[in-house]
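Here is a short briefing on charged side-chain pairs. Have a look at the sequence and the model first, and then we can go through the pairs together.

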Amino acid sequence: LFGNNNNQKQFPLETMTTLGYLTSPLRRPTVIERWSPYEIAMFEAGLTQFGKDFYKISTALLKRSKSTKQVVEFYYIWKKTSHGKKWKDSYTPDFVESEDEDTYVLARKKKTNKENKQQQQQQQQAASAGGGDATSKAA
């Protein structure tokens, strides 16, 4: 019956489908799956506002829906995702903390490839128009 062959000790195996795997009560949700899109957006806003002060992020922005431990755990998973990498590449803080913890200094914005190319073209045009070399006019 039903594919069983007791004489040869063969029993049918149920193959696991993707849907069966995802809905299985035995499967634990991943760290990312435990966070709603709203909580992720608030986490990113917290990174912008507080930097890596995970305690402030968990108390001020997430209203204690996530513990500091959960925020830290999420950060180390999130930063490896494609979204986390894109976010980090596009974000440059306006201010960074200086060596004495009470003051902040204006951060330099990283130049994009497009900005670098434009600067090189301007230097070349100035060098060809003025007859000098581009390096002396770059500063």
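Is R27 buried or exposed? R27 is buried: its relative accessible area is 19%, and the cut-off for buried is under 20%. Please keep in mind that this is a predicted model. Searching the whole structure turns up 3 salt bridges, and each of them is introduced below.

**The pair E33 and R27**
- R27 has a salt-bridge partner in E33, and the closest N and O atoms of the two lie 2.9 Å apart.
- E33 has a relative accessible area of 45%, so this residue counts as partly exposed.
- The pair therefore joins a partly exposed E33 to a buried R27.

**The pair E39 and K66**
- Between E39 and K66 there is a salt bridge whose closest N and O atoms are 3.7 Å apart.
- This pair links distant parts of the chain, with the two positions 27 residues apart in numbering: E39 sits in helix α2 (residues 37–50), while K66 is in the loop between α3 (54–61) and α4 (68–78).
- Both E39 and K66 are buried.

**The pair D53 and K56**
- D53 and K56 form a salt bridge as well, with 3.9 Å separating the closest N and O atoms.
- That distance meets the criterion because a salt bridge requires the nitrogen to be within 4 Å of the carboxyl oxygen.
- D53 is partly exposed, at 29% relative accessibility.
- K56 is also partly exposed, with a relative accessibility of 41%.

How values were computed:
Residues numbered from 1 in each chain as written. Predicted model: local features only at pLDDT ≥ 70, side-chain atom pairs only at ≥ 80, totals over all residues. Heavy atoms only, no water. Salt bridge = Lys/Arg side-chain N within 4 Å of Asp/Glu carboxyl O. Buried < 20%, exposed > 50% of the residue type's maximum accessible area, 1.4 Å probe, protein only. Helix = DSSP H or I, 4+ residues; strand = E, 2+ residues; numbered from the N terminus.
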